[in-house]
Amino acid sequence: MKLNALLSLLLTAIVVLLSGCSHFRPSGERLQEAVSINLARQSENAGYGLISTDELAALFDQKEPFLLVDVRKPGDFRLGHIPGAINFTFPKDVIMSGDWSDSLMKGVTEQDFQKLLGDNKGMLLIFSCGRTTCARGHNAAMWAVRLGYHNVFRHPGGVDAWKEAGLPFEKDAK
């Protein structure tokens with residue numbers, strides 16, 4: 001599993017490095033391919049599933065019970081989020097360590113996360129961020145799986161895909 005995580009990180013680093021070279025900058029289909037492969041490998045390596053914006057919207061329509069966690073910064077969350085989402089911020093860089101780091105998590109503990117998720121390890125958990133390239137959703141979904149939850153999904157398109165689809169959006173009062 002560490003090797004797969006390392007390969008995923010390496011692919012991300014290559015995409016970032018090559019984007020600085022004008023004649024090697026992935027664009028269009030190549031960029032979409034690199035992002036897609038990275039996303040698929042993160043999901044596969046961490047043991048969680050992926051859910052599209054349309055599938056998430058259908059869950060709302062079906063009144064399916066689930067917990068939707070928006071993993072962006074509180075300020076971004078207040079500016080707008082998917083209705084019913086709860087905010088719990090995760091770091092933006094892919095977490096490579098197998099240990100929960102209170103300093104990396106800015107003082108939020110593993111117990112805080114478990115309390116948010118609840119005792120039902122089979123509960124449908126969905127983690128959403130701002131956009132597909134945001135690793136916060138990956139980090140949260142990965143940690144939920146590490147804590148024994150087994151019905152875990154990442155909504156990679158996040159808030160940007162939700163808004164683009166013209167779906168309802170909430171803003172917190174200032």
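In this predicted model, ring pairs join Phe-88, Phe-90, Trp-100, Phe-113, Phe-127 and Trp-143 into a cluster. The count of aromatic pairs comes to 9. Two of the pairs that involve Phe-113 are worth a look side by side.

| Ring pair | Centre to centre | Angle between planes | Geometry |
|---|---|---|---|
| Phe-88 and Phe-113 | 5.2 Å | 40° | tilted |
| Phe-90 and Phe-113 | 5.0 Å | 70° | edge-to-face |

Take the tilted pair to begin with. Phe-88 sits in the loop between strand E3 (86-87) and H5, while Phe-113 belongs to helix H5, so this pair links distant parts of the chain, 25 residues apart. Phe-88 and Phe-113 are both buried. Now the other pair: its planes stand at 70°, over the 60 degrees needed, so Phe-90 and Phe-113 count as edge-to-face. Phe-90 is also in the loop between E3 and H5, so its pairing with Phe-113 ties together parts 23 residues apart in sequence. Phe-90 is buried, and so is Phe-113.

Leaving aside residues up to four places away in sequence, what does Phe-113 touch? The list runs to Phe-88, Phe-90, Trp-100, Phe-127, Ala-140, Trp-143, Ala-144 and Leu-147.

That fits with the bigger picture of the core. The largest nonpolar core has 24 residues, and Phe-90, Phe-113 and Phe-127 are the ones touching the most other members. At least two residues of this core come from each of strand E2 (67-70), helix H5 (110-117), strand E4 (125-128) and helix H6 (136-146). H6 gives the largest share, 5 residues. There's also a second, separate core, made of 12 residues, with Ile-51, Phe-66, Leu-68 and Ile-126 among them.

Rings also turn up next to charges. Over the ring of Trp-143 sits the charged end of Arg-146, 4.9 Å from the ring centre. Tyr-149 has a similar visitor: the charged end of Lys-121 is placed over its ring, 4.2 Å from the centre.

Tyr-149 leads us on to Gly-122, in the loop between H5 and E4. Those two are 27 residues apart in sequence, yet their C-alpha atoms are 6.1 Å apart in space. Gly-122 touches His-150 and Asn-151, again not counting residues up to four places away in sequence. Is Gly-122 buried, partly exposed or exposed? Its relative accessibility is 27%, so Gly-122 counts as partly exposed.

Next up is helix H3 (residues 53-62), whose buried residues are Thr-53, Leu-56, Ala-57 and Leu-59. These cover an arc of only 150° around the axis, so they end up on the same side of H3. Which exposed residues does the face turned away from that buried side carry? Asp-54 and Asp-61 are found there. As for partners, the buried residues of H3 pack against E2, E4, strand E5 (152-155) and helix H7 (158-164).

Finally, a quick word on backbone angles. Right after H3 comes Lys-63, with a positive phi near 60°. Lys-106 isn't a glycine, but has a positive phi too, of about 55°. Lys-106 is in the loop between E3 and H5, and with 76% relative accessibility it counts as exposed. That loop is also where Phe-90 lies, and Phe-90 is buried.

Key:
Residues numbered from 1 in each chain as written. Predicted model: local features only at pLDDT ≥ 70, side-chain atom pairs only at ≥ 80, totals over all residues. Heavy atoms only, no water. Core = buried A, V, L, I, M, F, W, Y, C linked by side-chain atoms within 4.5 Å. Buried < 20%, exposed > 50% of the residue type's maximum accessible area, 1.4 Å probe, protein only. Helix = DSSP H or I, 4+ residues; strand = E, 2+ residues; numbered from the N terminus. Contact = heavy atoms within 4.5 Å. Phe/Tyr/Trp six-rings, centres within 6.5 Å; stacked < 30°, edge-to-face > 60°. Lys NZ or Arg CZ within 6 Å of the ring centre and 35° of its normal. Arc of directions from axis to C-beta.
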